[in-house]
Structures are given as structure tokens and as C-alpha cells.
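Please walk through the structure shown here, taking its aromatic side chains before one of its sheets.

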Amino acid sequence: MTVLPANPMSPRPFRILKVVRELSDTFTLLLQPETGGAFSFRPGQFNMLYVFGAGEVPISISGEPAEDRQLVHTIRSVGPVTQALGRLKAGDVVGVRGPFGTPWPVEDAFGDDLAIIAGGVGLAPLRPAIYQALANRPRFGKLIIMYGARTPQDILFRKELEKWRSRFDVNVHVTVDHATGQWAGRVGVVTKVVAKAGFDPLHTTALVCGPEVMMRYAVEALEERGVAASKVHVSMERNMKCGVGLCGHCQWGPHFVCRDGPVFRFSDVAALFPVREL
Amino acid sequence: MAPSIGAKVVLLREDLDRLIAELRERGYVVIGPTLGEGAILYEEVTSSGDLPAGWSDVAEAAAYRLQEGADRRLFGYSLAAQGWKRHLYPPRQRLFLAERAGRGFRLSSGEADGAPMALLGVRACELAAIQIQDRVFTKEGFTEPGYAGRRRAAFIVAVECGRAAATCFCASAGTGPAVGPGYDLLLNEMIDGDAHRFLATAGSDNGAAILGGLSCRPPTAAELSSAAAQPAAAAAQQQRRISADAAGVLTRAAESPHWEAVSKRCLTCGNCTMVCPTCFCTTVEDITDLSGDIAERWRQWDSCFTIDYSYIHGGSVRQSGAARYRQWITHKLASWHRQFGSSGCVGCGRCIAWCPVGIDITAELHALEQAEQVSKGGDNGAD
């Protein structure tokens, strides 16, 4: 059980310091509390972001967990509220409720190889875990980042991926579903990368985030390699209105995704995963 | 000597007005059964004259009607159309008001709570439902402040059932018909010829203090045994029952073909969730005034039967009516145990009566159980 903020139903005003355009439909907001003070979170947690009068959406935190002066969210515009967020500029104010939910168990993976598997904008909720892993790099075996995007134009955090790839102690595999333009890299689904990546299946912890169908195949590929289901963690997405297990919307079987998730140990939810429309 | 918890006294019919007056004197808004819209409704009452004297109700699958009762009982009906949920957790509430300030906004809080409520006429199943909602709204980590405040301040006058509607199944749900602990006062209504009286039992210090103020006589042995016989009579009349293994059946039934069969009847209207005394789901609505400078957030009851309920970008998770019905009944009878330590069903039968096509939670569960037996038999045959 994670500790909730003091007044979880009231949005705190945060001022936008900077807007970074990441992709055609994806952007990053750098935020600072209006009233000063810090904002602490654990990798994998999310906030409810409120645009004045427009509404509220759950968005994972994508920034550095060791940095508590600045809150970072990476958002893809897919609905009315995320589009409203996309129209905001530096100096504007958003409301923040959170942080909510369970974290990626990065510390539990000390001693293991760490396999990070992301699809699309699913890389954003994993980035804080990558930062935390890099900050503790000597405590892991291999650190392998496997990332799939639709096209080369959809690769999120491209510069950072290149920076990580240039490190001798990180393996980065990027693949796209459809090659366009100058792409000379890998083509195909990210699960194919999992089948070949050089981690030790008996001593690997995997963190998986992406579309549900991608996670399903990624978990299958991990299991085929022999990674224990108890060492695989997935991050789920559901409709959320409250963030504190009160509104009912995010239920997935017996779980409230906002409170018992979004990060689940796969062995705890393996039976729910294949059920359609759950 | 002042009465203490467990003390029993007899209130005459006319003493009920003194009880209501005493509660009002102490600052409570008394909410009780009234006649309205062709149904029993829990609304404010100021005297016993507001109560549905002589009225009873008939409930069946997809049917609820008032009818004249056999006598002048004030609590001769089984249940109001809706439970107490709408008073303890109102259908629509403002969470905050925000005012634009520069490029940001200023928040002011929601709505102040009204006077404490005395709930008059709480049935055994309804008290159980309130206690289930207590666990929903005051769980580890987060307490819903509005509910908790109203609940803490509320005074509960339970009234025992002497009869059951055809839709009742509290006996098998384990919530009644005998009223369990948690009330401030318990009333057993008794009519014997011209004698119309109540056995009143104090369930709390507050309840005992109020009884003390009414200075009534102790009950006779005949009155005590007459009151004690009421729950058994109500239990004996119950025609429906719910399986003790409901949670197990539903946990194993996620892929049952029966959901398709239910969905051919279910209109996904959400009536069952609105009348259910434990359903707690809500959504929020963010609105602005015409100037765009004032924004409000309202929370309102929601239903897992709407298509929007499970919407995430790209579409709703539960598109089919089959998936939505499965969600509701599985949550109510199975997931609830893991979430809140009990079933979410108290056996009030409202969802059966108010379903426009008469879908019966007990019958659907039974059908799933039967289907499971059949498929088990088939598996054995294949072995």
C-alpha cells in the first residue's frame, strides 16, 4: 500500500516551466508547484492532471525520481483533456493530484539483469525506472532496454535512447513496426527482440509497459525464455476518475488499477490478462 | 434509573411523535418512509403523519406496486424504492469551485454539510448495506470525508421486518431479517386489535438517552415474544435465495457462455446499480460558466453499465452488454470480498424489482452454477 497525499481530491496548482515537443502528438511538461515545496514520487506512479474547466486525466510521471523540485509528464494527445493540455504554454497552470499507485520494484531487482520492455508512449512511465536503474547501475547485471515504436517518427526520447545506447553498460534495442525514410534499424515487433536479447532468464527482472496486446506478447516471450512470472511487472491502463479506489472505474477483476496498480506483478494478474473486456 | 444499551421499553403509537419530536429537538433532520411517486420514498418527516400508515408494497421481478395493507401499520411495507445511500452519499455533489486567477486558478472547497440526520425505518438489510458502504468509504489509506462526516453524525432507528417481499433474500445473504448490531434504536411494530405499539430497544448510549427522555413502560413477556417472532416470520416467507458459493462460482465463470444469454435480455440501463444500496461508483463532471472564469467539479453516481464507464483512448474496455453485466455481478458477489472483506450484496432484492426486464441476480447466479455443474460433468465424461 502506497501512502496517499494529504488531500488527494484537491488539485494543487503547478506552473508549467517548459513545454517540450517530443513527437507530432506527444509533448512533455516540466512543472513546478505554485506554492513552492517539493514533489516526491516513485517510478511508475501517476498523477491526475487537471486543465481548468476542461477536466482531468491520469498521466504517469516521466521524470527523474531523484529530482523533487520539478515534476515531469509526457503526454500523448488522444482525447479532449490531453488535447487541452497540449494547448498550454510555459507560464500556464495545471492542477495536480497525486502521486498515486504502485511503483516499479526497481530495488527488488538488485542483483538481477533488468529488462525494460516498452511500446509507444509506454516508454514514458518507464523512464523514471531507467533513471533509477542508471543511478544504481553497479547493483544490476545487464541493463537491457527494448523499445518498439510504430514508425521511426514515433520514437520517443530518441536522443536519450541514443545516449543510453552509447554507454558501454546499457544495451538498447529499438525496433519499429513500419520502416520509413532512412531507417536502417530493426523492423518488427518488440517481442522478437525479447526472444534474442542477452539477459539471463533465471536472474532477470522485467518491467513491461505498452499497449495491452503488446504486453501480452512480451510476457509470453519472456515466459518462453524462462523468466519467472513473479519477476515480470506490467503497468495497466484503465479509466480513472479519483485515483484513490473510490470511483470504481479502474476495476480490473478484483483490483483497483489506481491503487493496487498501475504496476502489477504479472504472477498476481496472469489469470486476468487473457480475459477479454474485463 | 436511566436506560442503558440493550434496554427495552414500549412506545405507543402516539409516542412515535414524541420520538420524532425528540430527535428534531436534538438537531436531527429525521428522514423516514413517505408516500410519493407511487412508491415509498425516504424523505424528511416531521411527524408520524408523514409515514405511510396502512400502506404495503408488492415487489416481484420487474414489478413494484403499493397496495393497501391489512392494518394501520406505519412500517407495513418491505422497502422503499431506493435505500439510504442517496442521503449518506448524495447522487450529485460539488467537489470544488475554481476561479481563474491570472494564468492559474484558485480553488474553494465543495459544499458544507447539512444538519445531522436521523434515519427512521432502516431495515436489517439496509443497516448491513450502510455498514458495507462504511468499509468502502472509510478504508485504509483514504476516507471519503463527506460520507464519513454524515455517517458519524447519523442516528439510526432500525425497524424489524415482520414480512418479506417476494424479492427479498436477506436470510440467505446473511444480513437479516433480524436486525444486527449498529443501530441506535430498534423498533418492532406490533398491532393487536386496537393496540398499536412498538417495542423499542436501545443499541447505543445515544439511543438509550433518547429512550430515557420518553419515560415509557417496560414490555410484557407477551410483547417480547411477539417481537422476537417477527424475523422468523419474515425469513419463512422468503422465496429467493443466493448461493453460499457465489464468489467461487463467479470467479470461475469469467468465460461462461451464459453472459451472452443474459446480454440478450439486459438493456444495460443501470437501474440495478442506481437502486443497489451498496453500489458506490461515481464519475466527475468538470464544467465552466459562460465567461469561462468559474469552473466547478461535480461528482455524480455512475453505473458500470454505461459504455463511457470503461472508456480509455481508443474505445471502451467493456463494449458488450455481456461484459458489463459480468462486471456488475462479479464485482458485487465476488470481487467485493477481496476488496472490502464481505459480499457486496445484502439481499434486498431491489435490483430484481427495478430491472425493467426482470433479470434476477439470484436466478442468474443459479444458472451459472448449473452451467458449471453441466460443464464439469462434460469434462469428466471426456476424461
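In this predicted model, a search of the whole structure finds 26 aromatic pairs over all chains. One of them joins A:Phe266 and A:Phe273, whose rings lie 5.3 Å centre to centre with 70 degrees between the planes, an edge-to-face arrangement. A:Phe266 is buried, with a relative accessible area of 6%, and A:Phe273 also counts as buried, at 4% relative accessibility.

In chain B, the ring centres of B:Phe280 and B:Phe340 are 5.7 Å apart and their planes stand at 90 degrees, so this pair is edge-to-face. Because B:Phe280 lies in the loop between α10 (271-275) and β14 (282-288) of chain B, while B:Phe340 belongs to helix α11 (residues 321-340) of chain B, the pair ties together parts that are 60 residues apart in sequence. Both B:Phe280 and B:Phe340 are buried, and ring pairs link them into a cluster with A:Phe256, B:Tyr89, B:Phe137, B:Tyr147 and B:Trp336.

Aromatic rings also meet charged groups: the charged end of A:Arg127 sits over the ring of A:Phe157, 3.8 Å from its centre, and that of B:Arg123 sits over the ring of B:Tyr77, 4.9 Å from its centre.

Turning to the sheet, chain A has an open sheet of 6 strands in the order β4-β3-β6-β1-β2-β5, with antiparallel pairing. Since β4 (55-60) and β5 (71-76) of chain A stand at the edges with a single partner strand each, one side of each is left without a neighbour in the sheet. The twist averages 40 degrees from one strand to the next. Strand β2 (residues 26-33) of chain A pairs with β5(A) in the antiparallel sense over 6 bridges, and A:Thr28 stands opposite A:Thr74 in β5(A).

Technical notes: Residues numbered from 1 in each chain as written. Chains lettered and ligands numbered in written order. Predicted model: local features only at pLDDT ≥ 70, side-chain atom pairs only at ≥ 80, totals over all residues. Heavy atoms only, no water. Pairing = 2+ DSSP bridges. Helix = DSSP H or I, 4+ residues; strand = E, 2+ residues; numbered from the N terminus. Axes fitted to C-alpha atoms, helices over the stretch in contact; angles between N-to-C directions. Phe/Tyr/Trp six-rings, centres within 6.5 Å; stacked < 30°, edge-to-face > 60°. Buried < 20%, exposed > 50% of the residue type's maximum accessible area, 1.4 Å probe, protein only. Lys NZ or Arg CZ within 6 Å of the ring centre and 35° of its normal.
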